[in-house]
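This report introduces a single protein chain to a reader who has not met it before. The sequence and the structure are shown first, and the description follows.

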Amino acid sequence: MKRIVSFEAVEARRLLAADGLQHEDTVVEVAGDVSANATADIGNLEGSVIARSRLGWRNPWDRIGFSLERDAQFSVTISNFRSNVDLFVTDARGSLVGYSMNRGTRTDSFEGQLDAGQYFVWSVARSWRTTGYRMELSAELVPAPAPPPVTDPTSPTDGVERLTDVAYFGGGNEWGLNAVGAPEAWAAGYTGEGITVAVIDTGVDLDHPDLVQNLFVNAGEIAGNGIDDDGNGFVDDVHGYDFANRDADPNDVHGHGTHVAGTIAAANNGFGATGVAPDATILPIKVLGDNGSGSSLDVAAGIRYAADMGAHVINLSLGGGYSSAIESAISYAHSVGSFVVAAAGNEYASVPGFPAQFSSSYDNVLSVGAYDSRGAEAAFSNDVGSSGAVQVDAPGVGVFSTYVGGRYASMSGTSMATPHVAGIAALTLAADPTLNPAALRDLLVAGVVGSTSGSDAIGNASTLSAVAQAAAGATAESSSTSGGSRGTRSGDSGGVGASSLDRVFASATLTPSVTHESESDVADVAEVFEASADDFAEHAREDASVVDEAIAVWSDGEGDSSETRVEDFLTLLA
């Protein structure tokens, strides 16, 4: 059966996704006079999806994102337009997969075999005249392979049995939950109840129906009275705090933090998304602004606040360069017993970014890389390399979770893998709340199940051994490089100093590289048209003018060959 997807009108460079639960008979069109471009995300694509929208001089392009769980035969057709519209397909790196640039009102289409991963389809007007269009996307996935036998030489060998296997939970959107063994932990009676996980990010949608029942409530604070009732230095911080704007409203308008929170603890209520630890408590801490970036000092303040508020686990789906302020905050979190899970980063690099790289010197920090539903390392995921980082892998491609506005979306990145591990940590602590951060990391590291193809991480994070060991009161021999002792990057106590990291960023859905390696690399196209919350949101107006100029080139080049027009277009954007 064909599904219908709608576009959301959005401001430039703000990532939004279409409602994943939209009724099949509903089509919402983008008005011809909206002042911004439009994006949509249909999540995992299998079968056919219909999209309808309008393009014109105020909104000259649309972008629709989708994920493929497995390799697939893909096709896209765009038709029913009154003035010329061109079609482009890019992958998560921003590289060109295919395009169609027929003249006039001839239907544009592309068909080909695509690997599992995340992709974007761009419809671009070549005229300033307003026109509607109809797009049909279709994917026929290859059959799912039989799961390989699991060999697990790193599993504890003290006679504690792994959690008992249970039936597969949910459908295709829940592949990550099943991959990390979350349903097995639930069946054993551990759902994260009593464990607080701080989401230090762009905030959390405080009204999302899948999250509201699990939000942290500061019992010592009276809402809205303008008084610091509990004397912690923060006024009215009933549901956390916003360090980006210096107020007590950590509500998310960006989407990244809400997606992370849902992967950790969306309620298991029969609709929408379900978190790895569906009864854990989420402590929202906003340190990144509405464009997905923020200062290292705010991140450090958020970590200290989380530790002071009693967070058992701190999720850092963000990254950048080294920061002494963040290191000092992590050292403080260690001293009060908070465990830190950090995204390895999406730079295709041989070593993790910071703060994940602090796992090489702090035994309360664990770095997390990403793999896809086939068990292969995500192309974007940073490796361990020579960093000495202690890193595990988790699901991070096409992850379905909660989104702002009570909605749902699929996103990819090590930011999406990290909350899986934060959820596993919450389940493990629920089984044994007496575990200190070092012992918790040891169990998670020793409890990996198999390994990801192409990855140099320790293995794939799982509840099967970690939760079973915790429930039995057992410990695991540390596999970390720190030897179970706490240290710092510089060998001192991690005192606050000048930070070499001025800005940190949320690793949202993958953004294209800003490096143009060749004319065939559509990083040139995607970096300008990308409407997600990337690191360069502050340049939206300048980018918009470049897009306008590029569209004008296409319009002016109506009579040129497609090859010439593509060359001119890429030259302009380079």
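What percentage of the contacts in the protein with a separation of 6 or more is accounted for by residues 24 or more positions apart? The share is 76%. The model discussed here is predicted.

## Overall composition

The protein has 574 residues, of which 60% count as buried. Its secondary structure consists of 11 helices and 23 strands.

## Helices H3 and H6

Helix H3 covers residues 256–265 and helix H6 covers residues 414–431; the two pack at an angle of about 35°, and their axes are 8 Å apart. Their crossing is right-handed. On the H3 side the contact is formed by His256, His259, Val260, Thr263 and Ile264, and on the H6 side by Ser415, Met416, Pro419, His420 and Ala422. Sorted by character, the residues of this contact comprise 5 nonpolar and 5 polar ones, with no charged residue.

Is helix H3 largely enclosed by the rest of the structure or open? Because 10 of its 10 residues are buried, H3 is largely enclosed by the rest of the structure. The buried residues of H3 include His256, His259, Val260, Thr263 and Ile264, which also take part in the contact with H6. Gly257, Thr258, Ala261, Gly262 and Ala265 of H3 are buried as well.

## Nonpolar cores

In soluble globular proteins, nonpolar side chains tend to be buried together. In this model the largest nonpolar core has 65 residues. Those with the most contacts inside this core are Ile264, Ile282, Val313, Phe339, Leu366, Val421 and Leu444. Helix H6 supplies the largest share of the core, with 10 residues.

Leucine 366 shows how such a residue is surrounded. Leaving aside neighbours within four places in sequence, leucine 366 is in contact with residues including Phe339, Val421 and Leu444, each of which is also listed among those with the most contacts inside the core. The contacts of leucine 366 also include Val340, Val341, Ala342, Val390, Val392 and Val445, together with Ser359, Gln391 and Arg441.

Apart from this core lies another, of 33 residues, among them Ile285, Leu288, Tyr305 and Met309.

## Salt bridges

Side chains of opposite charge can pair when their charged atoms come close. The count for this model comes to 6 salt bridges. The table presents three of these pairs.

| Pair | Closest N to O distance |
|---|---|
| Arginine 374 and aspartate 71 | 3.4 Å |
| Aspartate 86 and arginine 126 | 3.5 Å |
| Arginine 134 and glutamate 136 | 3.5 Å |

The salt bridge between arginine 374 and aspartate 71 links distant parts of the chain, 303 residues apart. Arginine 374 lies in the loop between strands S19 (365–371) and S20 (391–395), while aspartate 71 lies in the loop between strands S5 (61–68) and S6 (72–79). Arginine 374 counts as partly exposed, at 44% relative accessibility, and aspartate 71 also counts as partly exposed, at 22%. Both residues belong to a network of salt bridges that links Asp71, Asp372 and Arg374.

Aspartate 86 and arginine 126 form a salt bridge that likewise joins distant parts of the chain, 40 residues apart. Aspartate 86 is in strand S7 (residues 85–91), and arginine 126 is in the loop between strands S10 (117–125) and S11 (131–141). Are these two residues buried or exposed? Aspartate 86 has a relative accessible area of 0% and is therefore buried; arginine 126, at 1%, also counts as buried, since the limit for that class is under 20%.

In the pair formed by arginine 134 and glutamate 136, arginine 134 is partly exposed at 23% relative accessibility, and glutamate 136 is partly exposed at 22%.

## Two further positions

Phenylalanine 234 is placed in the loop between strand S12 (196–201) and strand S13 (241–242). Its C-alpha atom is 9.3 Å from that of arginine 246, a residue 12 places away in sequence. Beyond its neighbours within four places in sequence, phenylalanine 234 is in contact with Glu221, Asp228, Tyr241, Phe243 and Tyr305. Of these contacts, Tyr305 is one of the residues of the 33-residue core.

Valine 299 belongs to helix H4 (residues 296–308) and counts as buried, at 0% relative accessibility. Valine 299 and leucine 316 are 17 residues apart along the chain, and their C-alpha atoms are separated by 9.1 Å.

Notes:
Residues are numbered from 1 along each chain as its sequence is written. This is a predicted model: local features need pLDDT of at least 70, side-chain atom pairs count only at pLDDT 80 or more; totals for chains, interfaces and linings use all residues. Side-chain values use heavy atoms; hydrogens and water are left out. Axes are lines fitted to C-alpha atoms, for helices over the stretch in contact, and angles run from 0 to 180 degrees between N-to-C directions. Helices (H or I, at least four residues) and strands (E, at least two) are DSSP runs, numbered from the N terminus. A crossing is left-handed if the near helix is turned anticlockwise from the far one by less than a right angle, and right-handed if clockwise. Contact means heavy atoms within 4.5 Å. Ala, Val, Leu, Ile, Met, Phe, Trp, Tyr, Cys and Pro count as nonpolar, Asp, Glu, Lys and Arg as charged, and the others, Gly among them, as polar. A salt bridge is a side-chain nitrogen of Lys or Arg within 4 Å of a carboxyl oxygen of Asp or Glu. Buried means under 20% relative accessible area, exposed over 50%, partly exposed in between (1.4 Å probe, protein chains only). A nonpolar core is a set of buried Ala, Val, Leu, Ile, Met, Phe, Trp, Tyr and Cys residues joined through side-chain atoms within 4.5 Å.
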